Structure formats: C-alpha cells, structure tokens
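Reader: I'm more at home at the bench than with models. Could you walk me through how to read this one?

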Amino acid sequence: MPQTAFKPSRLPRRPKHMEIAVRRSEPAPVPPVAAISNEATLLARAARGDGEAFAQLYREHVGRVFGLCLRLTADRALAEEHTQESFVRAWENLGKFRAEAAFGTWLYRIAANLALGGLRDRNRRGLKVVQGMDQAVVEAVAEHASPVHEGIDLERAIEALPPGARAVFVLHDVEGWQHDEIAEQLGLAVGTSKAQLHRARRLLRRRLE
Amino acid sequence: MIECKTARERIDDLVDGALDVGSAAALTAHLTGCADCARERDALLDLRRATRALPRAIAPDRDLWPAIARRTAPRRRIAVPVAVAASVAAAFIGVAATKLTERALRDPAPAPVATASMSAPQGRALFVAQVMRPDAAVSPQTRAVVEHNLRLIQQALGELEQAVERDPGDANLRQLLISIHIQESALIEKMQRLTVDANRRTDI
C-alpha cells in the first residue's frame with residue numbers, strides 16, 4: 001500500500017482555545033492502588049535478590065525502556081544494548097531506590113542517561129548517528145500507530161532531526177519531561193532546551209507539510 | 001499590542017501552558033485577529049496531538065531478559081532502605097523480636113518459613129498463622145506487642161490506600177504507600193528469620 005504524507009488536516013479538530021484549556025487540566029495517568037501495591041511487593045522482593053520478581057518488573061517496563069532508547073539512538077542494536085544495561089544498572093542499584101519517584105520514572109532516567117551518553121560517545125568518535133537511519137523505529141511503530149501512515153511519517157521525521165533537537169523533542173514531547181529536567185540531563189541551559197524544542201517542532205512541521 | 005514576530009516566539013510556550021495568565025491573554029488576543037499566527041498555533045497543536053498518539057512502548061524484536069538474567073546472577077542480597085516506617089520498624093523488631101528470641105519458642109514442630117518469593121500479604125498471613133496461633137509458645141506480652149504492631153501497619157496501609165483512592169493524583173501519597181509496603185515486607189522477612197532462629201535454638 002503506498003504511503004501518504006502526514007496531513008494534519010485529516011485529524012479530527014476541536015476549537016483550538018478549548019484544546020489548550022483541556023491540556024492544562026489533564027491529570028497525569030495514575031496507576032490503580034492494586035497496581036501500586038503489586039509493584040511495591042515486586043520491588044521489595046527484587047531488592048532481596050528475587051530474580052523472578054525482577055523479571056516481572058522487566059516485563060512491565062521493557063517496552064517503555066526500549067522505546068525511549070530506540071527513539072534517542074535510532075539504532076535497534078544500540079537500543080537493545082542500552083535497554084539491557086538499564087535493567088542491569090537498576091538491579092545493581094535497587095538498594096538505593098528510595099521510592100521518591102515511581103520505579104518507572106527512575107528506570108527511564110537510567111535508560112535516557114545511558115542512551116544519551118552513548119550518543120555523546122559516538123559523536124566524539126565521529127561515528128554517524130543520525131543520517132541514514134535504519135528502519136528500526138518505523139517498522140516498530142507501524143504495528144501500533146493509528147492512523148498508520150501518520151505515525152510512520154512522524155517517526156521518520158523525528159529520526160531525521162539533528163541529535164540535539166531530537167533528544168529534546170523526544171524527552172519533552174514524547175516522554176513528558178520538563179525543560180529543567182532535560183537541561184540537567186543534557187547539561188544545557190533551560191533556554192537552550194526550549195530553543196532546541198522550538199527548532200525541532202519547526203523542522204518537523206516543515207517536513208510533514 | 002503584540003507583534004507577529006513576538007507572537008511566533010511565544011506560541012510554543014502558549015501551547016505548552018508555560019505562559020503566565022497575562023501573557024497568555026495578550027497572545028490569545030493577537031491570535032484572534034491574526035490568521036497567520038493562528039495557523040502557526042494550529043499546526044503546533046496538530047503536531048502535538050500526533051506526537052501524543054505515538055506508542056510510548058515499543059517491543060524489542062527478541063527477549064532481552066536471558067542476557068539480563070545472566071548478568072544479574074548470582075542473585076545478591078541488597079539492603080532495603082529504611083525510610084518512612086522506620087519508627088514502626090524499630091518498635092516491631094526491637095520489642096517483639098527481642099522477646100521472641102529471649103523466650104525461644106518451645107514448640108518443636110518445624111514451622112513453615114516465609115520466602116522471599118512470597119508477596120507481602122502471603123508472608124504476613126503465614127507469619128500471623130505460625131507466630132500468633134493460639135497454641136504457639138509465645139508469651140502474652142510478646143503476643144500483645146506483635147499484634148499491636150501488626151495492627152499499626154495494617155491501619156497505616158488501609159488509611160493510605162483509602163487516601164490514594166480519594167486523591168489518586170497525589171504522588172507523595174502513592175510513594176508513601178509503596179514505601180510502607182516495602183518496609184512491611186522487610187519486617188515480615190526479618191521476623192520470620194528471628195522466629196526460625198528461636199526454634200533452632202530450642203531444638204538444640
């Protein structure tokens with residue numbers, strides 16, 4: 001089936017002023033109490049060396065960790081490597097987890113740190129990181145995005161962003177990080193993070209138009 | 001009156017909800033009368049909507065767990081941080097456990113032992129069953145202390161769960177609930193070990 005270009009006009013519309021208002025009042029998705037208790041039990045068991053409990057935590061979070069690593073690196077092999085390393089680091093540091101943040105949030109920070117560190121290393125070695133992307137993200141998203149072509153085109157456009165702009169866009173618009181968190185993670189000023197996001201969005205819109 | 005150049009620079013912040021009320025009102029007023037800038041805002045909103053429709057989780061092609069499991073074996077015992085329920089823990093271990101150890105359970109029958117693979121409710125039920133059963137050789141004083149502390153933990157968990165249900169958006173409550181569960185699990189495991197040690201000494 002031939003792919004069609006992403007056309008924002010095909011999306012269902014609502015008055016724009018309402019959309020902004022809705023966004024501001026959107027509550028963050030909250031897991032039910034039973035899920036929290038279950039995860040707490042798994043964490044307690046894993047912290048005592050129970051591998052099966054940690055395997056359950058892996059199964060619950062591997063998709064989010066891999067998705068984050070894949071979008072940041074745009075390289076499936078690297079994403080797998082960083083995903084594995086993220087869970088190993090989490091296992092080794094479970095004793096330091098203080099439940100001040102959700103386990104997932106803590107784990108995704110580890111993954112982002114590893115993936116971004118890997119990108120920095122590759123850039124220092126002069127390896128090509130962004131250009132000539134493989135089809136990893138596109139193929140992975142094809143099964144999930146709806147409408148399909150819209151998701152694929154957007155993923156392609158995200159892949160093609162310059163590394164700095166892409167990292168900020170993925171962390172802010174896809175993962176929901178705040179600018180101060182991104183700035184700290186990437187060693188940037190908050191203003192630079194905002195400028196990179198503005199640049200990324202402008203490039204994406206240009207590519208998708 | 002805001003000019004188009006300024007408006008374009010602030011539209012991202014407007015869409016992200018990062019403008020103060022006055023700035024947002026001024027920019028919104030400009031957008032009402034400027035079709036070009038309004039189109040910029042609409043395009044940004046469309047992009048944001050499409051981005052949010054992307055799946056955040058992507059499954060890897062292969063199961064990565066076997067490689068992770070190899071690297072995390074042999075399983076290590078990692079100390080669990082004592083945080084929120086530290087005072088409860090101190091009372092629970094310091095009083096109940098000491099008395100259990102001093103008096104040493106006289107029942108020679110081997111008691112079932114809670115394992116790390118048990119959930120907290122399972123471990124709690126087993127602990128209560130073996131230590132608090134009517135014929136267990138536990139002094140009335142020890143029994144009272146243990147029961148009191150178990151009630152405290154259960155009461156705290158019950159109240160926290162109700163609070164989370166009433167206010168599911170409160171991250172502090174959720175994290176406190178998780179922390180109490182972790183501490184409860186740690187206490188149960190410690191009490192199990194102490195009880196087993198007391199039984200072994202009695203057997204010798």
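Author: Here is a tour of the two chains, a nonpolar core, some helix pairs and a loop.

Author: Before we start, this is a predicted model, where local features need pLDDT of at least 70, side-chain atom pairs count only at pLDDT 80 or more, and totals for chains, interfaces and linings use all residues. Residues are numbered from 1 along each chain as its sequence is written, while chains are lettered from A and ligands numbered from 1 in the order in which they are written.

Reader: Okay, how many helices and strands are there in chain A?

Author: Helices (H or I, at least four residues) and strands (E, at least two) are DSSP runs, numbered from the N terminus. Chain A has ten helices and zero strands, so to speak a plain string of α-α-α-α-α-α-α-α-α-α from the N terminus on. Chain B has eight helices and zero strands, and its pattern along the sequence reads α-α-α-α-α-α-α-α.

Reader: And what share of each chain counts as buried?

Author: A residue is buried if 20 or more other C-beta atoms lie within 10 Å of its own, exposed if 12 or fewer, and partly exposed in between, with C-beta atoms placed from the backbone. In chain A, 42% of the 209 residues count as buried. In chain B, 30% of the 204 residues do.

Reader: What about contacts between residues 24 or more positions apart?

Author: Two residues are in contact if their C-beta atoms, placed from the backbone, lie within 7 Å. Take the contacts in chain B with a separation of 6 or more: residues 24 or more positions apart account for 72% of them. In chain A, 63% of the contacts between residues at least 6 apart in sequence join residues at least 24 apart.

Reader: Which residues have the most contacts inside the largest nonpolar core?

Author: In soluble globular proteins, nonpolar side chains tend to be buried together. A nonpolar core is a set of buried Ala, Val, Leu, Ile, Met, Phe, Trp, Tyr and Cys residues joined through C-beta atoms within 7 Å. The largest one here has 68 residues, and A:Cys69, A:Leu72, A:Ala111 and A:Ala115 have the most contacts inside it. α3(A) gives the most to this core, with eleven residues. Leaving aside neighbours within four places in sequence, A:Ala115 touches A:Leu68, A:Cys69, A:Leu72, A:Thr73 and A:His82.

Reader: Now helix pairs. At what angle do α1 and α3 of chain B pack?

Author: Axes are lines fitted to C-alpha atoms, for helices over the stretch in contact, and angles run from 0 to 180 degrees between N-to-C directions. Helix α1 (residues 4–15) and helix α3 (residues 35–52) of chain B pack at about 25 degrees, with their axes 10 Å apart. That makes α1(B) roughly parallel to α3(B). The cut-offs are under 35 degrees for roughly parallel, over 145 for roughly antiparallel, 65 to 115 for roughly perpendicular, and oblique for the rest. By class, their contact has eight nonpolar, no polar and six charged residues. Here Ala, Val, Leu, Ile, Met, Phe, Trp, Tyr, Cys and Pro count as nonpolar, Asp, Glu, Lys and Arg as charged, and the others, Gly among them, as polar.

Reader: Is the crossing of α1(B) and α2(B) left-handed or right-handed?

Author: A crossing is left-handed if the near helix is turned anticlockwise from the far one by less than a right angle, and right-handed if clockwise. α1(B) and helix α2 (residues 21–33) of chain B pack at about 120 degrees, with their axes 10 Å apart. That makes α1(B) oblique to α2(B), and their crossing is left-handed. On the α1(B) side, B:Ala7, B:Arg10 and B:Leu14 meet B:Ser23, B:Ala24, B:Leu27 and B:His30 in α2(B).

Reader: One last stop: where is A:Ala74 found?

Author: Most residues other than glycine have a negative phi, and most peptide bonds are trans. A:Ala74 has a positive phi of about 55 degrees although it is not a glycine. You'll find A:Ala74 in the loop between α3 and α4 of chain A, and A:Ala74 counts as buried because it has 27 C-beta neighbours inside 10 Å. A:Asp75 is found in the loop between α3 (51–73) and α4 (76–92) of chain A, and with 22 C-beta neighbours inside 10 Å, A:Asp75 counts as buried too.
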